[in-house]
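Hi everyone, thanks for coming. I'd like to walk you through one structure today, so let's bring it up on the screen.

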Amino acid sequence: MEPERVDIAQFQNITARAYECKDPQQRSSSLAEALALWRGSALADFSHCDFARATIARLEESRLTAVEEWAEARLILGEHSLLVGDLNDLVARHPLRERLRAAHMLALYRTGRQNAALASFADLRTRLSREFGLDPGPQLTAVHEAVLTAAPELDLTTPPVTSISRPRINVPAPLTDLIGRADAARRVKAQVSSDRLVTLTGPGGVGKTRLAQEVAHQLAAEYPDGVWLVELAVTRDRPASENSSSVTDVAETVAAALDLRDNIGRVGALPVEAPSSLLTKLSAAVRGKHMLLVLDNCDHLVEPVAELASALLRSSPELRVLATSREPLGILGEVVWSVLPLGLPAGGGSTPEELLRESSAVRLFVERAKAAAADFTLNEANAVAVAALCHKLDGIPLALEIAATNLRVLDPNELLARLDDRFALLDDGPRGVPPRQQTLRAVIDWSWEVLNEQERTVLRRLALLKAGWTVETAETVTAFDGIDKPQVFPILARLVNRSLVSTARSTAGTRYQLLGSVTAYAMEQLDSAGELDSVQGRRDAYYASLCERATPHLRGVGQRDWLRRLDAEMANIRGALESALRAPEPDIALRLVNSLSWYWLLRGRLDEAHRWTSLALASVTRSSKESALASAWQAGFAMLVGAESRRREQTHDVLGRFATFPDEQGLAFAEWFLGYAHLSTGHIDDSETLVLSALRRFRHLRDQWGVAAALSTRSMHGIYRSDWPAAQRHGEASKKVFREIGDRWGQLQAIDTLASLAEIFGNYFEADRMNREALHIAEELGLWSEVSHSLSRLGRIALLEGDHTQADELHERAARLAGEQSDHIGERYARIGLALSARRRGLLDEAETRLHSLLDDGTDGSPDHSDALLTAELGFIAELRGQATESARYHLTGYAVARRLGDPRAVALALEGLAGAYIVAGRPEETARLLGAAEAARKSVKVPLPEAEHGDVGRIEAALRGLLGEERTAELRRQGSRLSPDQCVELATAGSDHLPTLKLCS
């Protein structure tokens, strides 16, 4: 194994980069990635060995230093609420680390716990004095003084970020300075600030993309919801004859750039939202967002991009769009900015110094010449030739950069002479081509001619990899018919040196890419050579193989790395899917969708998955084992996006295909996935049948991942059925297996269910711990809907523990993050938390407004558990105001919803609320019976009301005892416990002239 792939080396490399990073969010994200590599103590198997102790101590110190850096970055970002819990245990285990203690004190102070922060300092001071006779250092003492005096500088002035791991800009950092564009960048920046759509136009190679990226970086701090680059060069414009839409393709590309997920809410735990177009979801995702969208290379997609941009701009008044294209988009409100070539030198005998001062074209050429030939200088001997070269190349940056690379082997005068020969041929070129495009074409043409035959072959074959490539990709796709694999990398390096290929480095390694103008030229050469079909076939086969290689890693230890690898390749993979669907045989298309579907599920790209699996199946002319599996994926995704009305018939049809083409492994997976999808639509009986069958098959096959997945779904069945022991047993077993095989997504699913159980039974410490673990896993994998869900769950725990400030902060963050994802169910869940908090803080008007808004914005027309909770909350508000009739109406409505849901705990909540209405109405006997029936309902599912949720019932009970006394109250409660809920409600409402009846509200 290469040294850089060892986890210790990875940790050291990532932390080194993080320590150099000035941006706190990027630093925090990198440190979180580094710390996620730790799965226990350093060299745990050798902890007893003397030779390892020094190394272990050094590694542990490195880890703690990274934790301290991470904590300080999170404090800057406003993560103090979560940080307190994360640091409590660390401070207890390392009580003498002053830097760690300082971060902990500041986090405590910012969460309103000044006394706890002061006590933490006192604890350290006592320990240091007792054990070493020392006092705390000056930095920690300064923090103590600031906390003691409540210094204003300790307060955070900006709201916390939604997630420290979610980036706010995806524009690549420039590798070189932008020369000659300072004034243009300043003016475009001002234009973007004043106008909502600015399009940079100009010929190829003039620098539109580079200018747009520079402006984007300069504006990053002004857009709290992010600056997002959308590279459209790889998106294909579809002919009208195709049964698909270019707008959909553009929307998919934009959604991927925004990291927008289709899974609305948590799949398998909440109902799926009604289907809508991707453009509609995008519009919802940007609504109200203050963000900048950079749409790059729109030339071949002007009409669909115009349609998309217009829709998004209508959705969000704060959205700004900066586009690059050779022609305007042509929509209302567009400001067209023509990007001109760089400034050329004036005629006459300018000195080298004057040339550099007066001409940005000369400055760029000289800078790139020095990069190509370190000893190059602009002097009297070559100044005239350089000036002439800049004029000859019309000041077009790409042409200047390509030409400058030749100064390794030619001096400027020789280069000028050779270009003169090339430009003389332009007179015989096609008429009607703009002169500046002819200039760039001539430079690329000349650069092509100076390549040897092998370099030309590799360059033209790379043209199909429009979204970039790795060395491995280039070796596989280009090495055939005259090119051997070992030759590819040296050739690639030479093409980079000639500025025909660019590079970009990241934590995932180096990627290479052709610039747009070079790509177009190379495509022409590929077609002329008659190699288009063969290279396309090799590309498609490579990506099918890559995705198949990824599949086991996406369910194990390499999950995060392979997710990122496929993220980087998705534009090329879409290209492979496009051409595979046009092939005579669907084999490659089926291989691609079958191996990609798990990636799509993990990334929440459900609409995309449904579309591609449907297209692949439509191309099938004969059934096979592969098409049977693809049909299972397609049917499951159809259910998950709400596009399948015949779910039972479709499930039966899909499973029947495996009888024709036996595949026990594929059948087991199909049963589990379809059962998982059925659960998401609320059809628990069908889900249980399918998953139980899958579990038996997985066990027979000894498929550990399959067993863990099925047990995780069985655990969710237990939650739905109120079978708590089964839910706990299956959840723990699933978590154990997923942890053994290293599947972080699987661990997240199991942990979420176990955290729910802990919360249900009032074990809030354990629920908080598990939700924090779930949050870190979700952030590590970039599962933003899951991050929002975990933040809301942590907010609920804070609410139950009485920390309303922290609860509100966590719910606000969760709501913002869910909104960024157009995750309406996740946003609704977070907003419910804010409404619950408002009532518990006594802010009844605010709570009522929030609750009515939530009821009005329900996900669809059918009632769900949240409706039962919302109506109960409104009922309690009416009771607290002394409005008995209004309170009873709400609680009876909630009771009717609870009955339809078949949820005994929701029934109990409605009965408890109705009891409160009757105590206000002066009918204590009915109140006592209702409380007895509610207690019996909770006992029926073996979940008593936790103490932290006892506030409303406790208030009602206190009033009841004051009116009836302990003995009479107990007797009436026993009566109520022996009645069914319906009997108890009917008895309470019978004969009432001024309170609603059960019949009225059911």
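So, helix α14: that's residues 360-372, 13 residues in total. From its first C-alpha to its last it reaches 18 Å, close to the 18 Å expected at 1.5 Å a residue. Keep in mind that this is a predicted model.

How does α14 start? Have a look at S359: one of its side-chain oxygens comes to within 3.3 Å of the backbone nitrogen of A361.

And which residues of α14 are buried? Here's the list: S360, A361, V362, L364, F365, V366, R368, A369 and A372. If you're wondering about the spacing, a general point helps: an α-helix has 3.6 residues a turn, so residues three or four places apart point the same way.

Okay, on to the sheet. It's an open one, built from five strands with parallel pairing, and the order goes β2-β3-β4-β1-β5. At the edges you've got β2, residues 227-231, and β5, residues 334-338, each pairing on one side only. On average, neighbouring strands here are turned by 20 degrees against each other, ignoring direction.

Let's zoom in on one pair. Strand β1, residues 197-201, runs parallel to β4, residues 320-325, and five bridges join them. Within that pair, T201 stands opposite S325 of β4.

Now, what packs on the sheet? Helix α10, residues 246-257, does, touching β2 and β3, and its direction makes about 140 degrees with that of β2. Helix α12, residues 302-315, packs on the sheet too. That helix touches β1, β3 and β4, and its direction makes about 175 degrees with that of β3.

That's my tour, thanks!

Conventions
Residues are numbered from 1 along each chain as its sequence is written. This is a predicted model: local features need pLDDT of at least 70, side-chain atom pairs count only at pLDDT 80 or more; totals for chains, interfaces and linings use all residues. Side-chain values use heavy atoms; hydrogens and water are left out. Helices (H or I, at least four residues) and strands (E, at least two) are DSSP runs, numbered from the N terminus. The expected span of a helix is 1.5 Å times one less than its number of residues. Buried means under 20% relative accessible area, exposed over 50%, partly exposed in between (1.4 Å probe, protein chains only). A polar contact is a pair of N or O atoms within 3.5 Å; within protein, one must be able to donate a hydrogen and the other to accept it, and residues adjacent in sequence count only if both atoms are side-chain atoms. Two strands pair if DSSP finds at least two bridges between them. Axes are lines fitted to C-alpha atoms, for helices over the stretch in contact, and angles run from 0 to 180 degrees between N-to-C directions. Contact means heavy atoms within 4.5 Å.
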